[in-house]
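This report describes how a ligand is held by its protein and what surrounds the ligand there. The contacts come before the pocket.

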Amino acid sequence: MTIRKVDKEDVWELRHQVMWPEKPFDYIKLDDDDLGIHYGLFKGSILISVISLFINNGVCQFRKFATLEQEQGKGYGSTLLDYVIKEAQNNDVKKIWCNARQNKVNFYKKFGLKETNSSFIKQGKSYVIMEKYL
Ligand SMILES: CC(C)(COP(=O)(O)OP(=O)(O)OC[C@H]1O[C@@H](n2cnc3c(N)ncnc32)[C@H](O)[C@@H]1OP(=O)(O)O)[C@@H](O)C(=O)NCCC(=O)NCCS
């Protein structure tokens, strides 16, 4: 298993397949993708899990975190999230945050992220903003 930075094009397919398969492919592309740092976790040559960091003035948002469906629940996502939190720390990030899907709140709590008072609904899914000071 290896984790390394990848190009934005490398994360798009997994994002689409895992997060929004019912939407057109372009839906999962972000306007900011050129500014992101994209990470992939590989098992052999197969990309299993992806996440993208957007760092601005010591604050980091992670977005589009996705693990191949048949590989979920095996610890890959946790390994990747641990890794990028350390990467953020190495980049002098003071706060990391995300728009968490409501059903992932307990998962993120395991990494020390806390729910804020901000929540919203987008495309029929409920989200809460979660954050952690590093
Ligand atoms: C969120 C996501 C990226 C996590 O990736 P993952 O590779 O499944 O993550 P892990 O396997 O490390 O953890 C998933 C669960 O399995 C558990 N787990 C981890 N390793 C395990 C193991 N060896 N045996 C049993 N369970 C394990 C974790 O504790 C976690 O449990 P929880 O969800 O009840 O908190 C993945 O679920 C996903 O792609 N979901 C769809 C897209 C999505 O919702 N993205 C996040 C938007 S906020």
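## Ligand contacts and pocket

In this predicted model, a backbone N or O atom of threonine 67 lies 2.8 Å from an oxygen atom of the ligand. Two side chains also place a polar atom by a ligand oxygen, serine 78 at 2.5 Å and lysine 110 at 2.6 Å. The table sets out these three pairs by the protein atom involved.

| Residue | Protein atom | Distance to a ligand oxygen atom |
|---|---|---|
| Threonine 67 | backbone N or O | 2.8 Å |
| Serine 78 | polar side-chain atom | 2.5 Å |
| Lysine 110 | polar side-chain atom | 2.6 Å |

Taken alone, the ligand exposes 930 Å², and 70% of that area is buried by the protein. Two or more residues of the surrounding shell come from each of helix H1 (8–19), strand S4 (59–67), helix H2 (76–90), strand S5 (95–101) and helix H3 (105–109). The shell holds 19 residues, of which Phe65, Gly75, Gly77, Ser78 and Lys110 come nearest to the ligand. By class, the shell residues divide into 8 nonpolar, 7 polar and 4 charged.

The ligand sits in the largest pocket, whose volume is about 930 Å³. This pocket is lined by 33 residues, and those nearest its centre are Met19, Phe65, Arg101, Lys104 and Tyr108. At least two lining residues are supplied by each of H1, S4, H2, S5, H3 and strand S6 (114–122), while S4 gives the most, with 7 residues. The lining as a whole divides into 15 nonpolar, 9 polar and 9 charged residues. Phe65 thus appears in both settings, being among the residues that come nearest to the ligand and among those that lie nearest the centre of the largest pocket.

Definitions and conventions:
Residues numbered from 1 in each chain as written. Predicted model: local features only at pLDDT ≥ 70, side-chain atom pairs only at ≥ 80, totals over all residues. Heavy atoms only, no water. Near = heavy atom within 4 Å. Polar contact = N/O pair within 3.5 Å; in protein donor to acceptor, adjacent residues only side chain to side chain. Areas by Shrake-Rupley, 256 points an atom, 1.4 Å probe, with all protein chains shown as cover. 1 Å grid on protein atoms, 1.4 Å probe; cavity = no way out; pocket = protein on both sides within 12 Å on 5 of 7 lines; lining within 4 Å. Sits in = over half its atoms within 2 Å of the grid points. Helix = DSSP H or I, 4+ residues; strand = E, 2+ residues; numbered from the N terminus. Nonpolar A, V, L, I, M, F, W, Y, C, P; charged D, E, K, R; others polar. Points joined across faces, edges and corners; volume = space filled by probe spheres on them.
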